[in-house]
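Colleague: I would like a close look at a single part of this model, with enough of the surroundings to place it. Could you take one pair of packed elements and a residue beside it, and go through them carefully?

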Amino acid sequence: MNVSFQSFGGAREVTGSKHLLRVDGRNVLLDCGMFQGRRAEAFEKNRRLPFAPAELDCVVLSHGHLDHCGNLPSLPLDGYDGNVYATPASRDIANLILMDTAHIMAKDYEWLSRHEPGKKAYRPIYTERDVVRVLDHFITVNYRRPFPLCSGVACEFRNSGHILGSAVATVTFRDGSRERRVAFTGDLGRPGMPIIPDPEPLPEADYLICESTYGNRRHDPLEHARRQLAEVIRDTVDKGGKVIIPSFAVGRTQELVYFLHLLKDEKKIPDLDVFVDSPMAVNATGIFKVHQECYNETVRQAFLDHHKDPFGFNKLHYITDVEDSKKLNDRLDPCIIISSSGMCEAGRILHHLKNNIADSRNTILIVGFMAAHTLGRAIADRKSTVKIFGTPYPLRARVKILNTFSAHADFEDIRSYVAAMNLDRLRRVFLVHGEPAALEHLAQVLLEVGVRAVTIVEPAETYELDLA
Ligand SMILES: [Zn+2]
């Protein structure tokens with residue numbers, strides 16, 4: 001039997017996750033993510049798929065984040081006619097994120113072509129119509145429901161505790177009389193996350209393809225996040241200011257709303273208005289509300305036993321209408337405004353920053369990663385002046401950074417998950433989805449707990465899986 005593994009994205013980097021597993025001539029693609037980063041380079045990498053989609057037998061999606069699902073619409077465009085397997089929640093989140101991405105690509109292209117004809121405008125690599133087309137290929141399967149992938153190859157999803165619907169995928173096949181299994185972590189979450197359950201233990205496997213995003217970092221406990229959030233809100237309200245929170249619309253916003261709900265119930269923050277001003281966050285919250293199968297026990301109980309809505313409370317207002325959004329500018333009393341985009345590159349958050357950044361009573365609360373060269377990073381770096389819509393504004397508001405909200409396992413979490421596997425059976429761990437320092441550190445950590453062999457995966461290199 002001939003089995004091999006090859007990464008076309010997410011090897012020695014953290015975006016563009018795309019891994020090809022070949023099982024006796026069958027081609028199984030694990031994730032088909034979008035590369036992010038410098039525009040010209042990312043565009044080239046995203047535009048040309050490094051394999052022939054028509055030769056794929058099936059695609060398995062671990063979760064709905066852009067770096068894992070973002071290039072799925074290119075597959076049917078290049079002749080792919082097979083299925084895309086995902087959990088029901090992952091399909092819905094992928095749909096929302098892909099539609100948004102297609103929309104942004106179209107808008108960017110139109111704007112640049114019209115306003116800066118001298119600058120190179122990148123043609124959208126797919127349209128909203130192409131997103132609808134790839135949705136036709138989806139087959140959704142819940143956690144722990146084994147299903148056939150292609151002839152002789154089966155698959156099963158286990159909850160990876162990273163975002164709503166996220167899964168570890170196991171690919172199982174028979175080698176003579178023996179069952180063989182390759183497990184792919186997708187992105188691994190951490191215990192104690194709000195809303196979703198803790199990651200399930202990793203299943204027994206002969207080979208593990210493991211993410212390494214925080215392979216050299218240790219997070220503060222999540223419990224700190226709630227306490228720090230309450231402190232920031234109380235301090236700002238005491239000064240008569242507003243709390244402005246730039247937040248990714250899918251996942252982080254729902255976690256914030258959930259934490260604010262708890263803090264209100266516990267009377268740890270004053271009874272002030274909270275606005276979620278983002279049409280995409282409103283749509284994402286709708287997805288969270290219908291996927292009760294993905295909740296942890298606390299949220300399930302709140303929903304079913306007490307008929308409480310964890311994503312709604314007195315004085316929480318979801319805003320979609322532009323006029324309602326503008327009315328927030330006239331508010332003088334303290335309130336909390338959660339808006340996107342998360343890195344302050346676009347969207348309504350820009351208006352709220354423009355209106356509030358120069359007032360020292362206000363707080364800008366950073367709860368997510370801010371990439372280099374973004375407005376979010378300039379604020380996180382506490383630059384004295386920042387440009388919003390091309391105009392410089394003095395940064396006088398307080399900037400507070402909470403690093404405790406990560407949805408990724410840190411290296412200690414990954415060590416525990418892997419150490420709990422059957423290490424006699426596990427032949428090798430392939431490390432993907434990490435920067436070089438994280439990969440090297442995690443490799444060392446895993447060898448120390450008794451993993452027999454660890455390989456840091458090189459882009460496009462083929463690894464034969466020895467099953468003898
Ligand atoms: Zn992810």
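Modeller: What follows starts with the whole chain and then turns to one helix pair and the strand residue that comes shortly before it in sequence. The model is a predicted one, and its 468 residues have a radius of gyration of 23 Å, which agrees with the value near 23 Å that a compact globule of that length would have. The C-alpha trace spans about 70 × 55 × 40 Å along its principal axes, and the protein is built with 14 helices and 22 strands. Of the residues, 46% count as buried, and among contacts with a separation of 6 or more, 74% join residues that are 24 or more positions apart.

The part I would single out is the pairing of helix 4, residues 88-115, with helix 8, residues 279-290, whose axes come within 10 Å and cross at roughly 170 degrees. Because that angle is over 145 degrees, helix 4 is roughly antiparallel to helix 8, and the crossing of the two is right-handed. On the side of helix 4 the contact is made by Ala89, Asp92, Ile93, Leu96 and Asp100, which meet Met280, Asn283, Ala284 and Ile287 of helix 8. Sorted by class, this contact has 6 nonpolar residues, 1 polar residue and 2 charged ones.

The strand residue is Asp277, which belongs to strand 13, residues 274-277. Asp277 counts as buried because 24 C-beta neighbours lie inside 10 Å, where the cut-off is 20 or more. Leaving aside residues up to four places away in sequence, Asp277 touches Ile319, Ser325, Leu328, Ile337, Ser339 and Arg348. Of these, Arg348 is 71 residues away from Asp277 in sequence, yet the C-alpha atoms of the two are 7.2 Å apart in space.

Two of these partners lead on to backbone details that deserve attention in the same stretch of chain. Ser339 is the last residue of strand 15 (336-339), and the loop between that strand and helix 11 (349-356) holds Ser341, which is joined to Ser340 by a cis peptide bond with omega near 15 degrees. Ile319, in turn, closes strand 14 (316-319), and the loop between helix 9 (297-304) and that strand contains Lys315. Lys315 is not a glycine, although its phi is positive, at about 75 degrees, and with 13 other C-beta atoms within 10 Å Lys315 is partly exposed.

Methods. Residues are numbered from 1 along each chain as its sequence is written. This is a predicted model: local features need pLDDT of at least 70, side-chain atom pairs count only at pLDDT 80 or more; totals for chains, interfaces and linings use all residues. Helices (H or I, at least four residues) and strands (E, at least two) are DSSP runs, numbered from the N terminus. The radius of gyration is taken over C-alpha atoms; the globule rule is 2.2 Å times the number of residues to the power 0.38. A residue is buried if 20 or more other C-beta atoms lie within 10 Å of its own, exposed if 12 or fewer, and partly exposed in between; C-beta atoms are placed from the backbone. Two residues are in contact if their C-beta atoms, placed from the backbone, lie within 7 Å. Axes are lines fitted to C-alpha atoms, for helices over the stretch in contact, and angles run from 0 to 180 degrees between N-to-C directions. Angles under 35 degrees count as roughly parallel, over 145 as roughly antiparallel, 65 to 115 as roughly perpendicular and the rest as oblique. A crossing is left-handed if the near helix is turned anticlockwise from the far one by less than a right angle, and right-handed if clockwise. Ala, Val, Leu, Ile, Met, Phe, Trp, Tyr, Cys and Pro count as nonpolar, Asp, Glu, Lys and Arg as charged, and the others, Gly among them, as polar.
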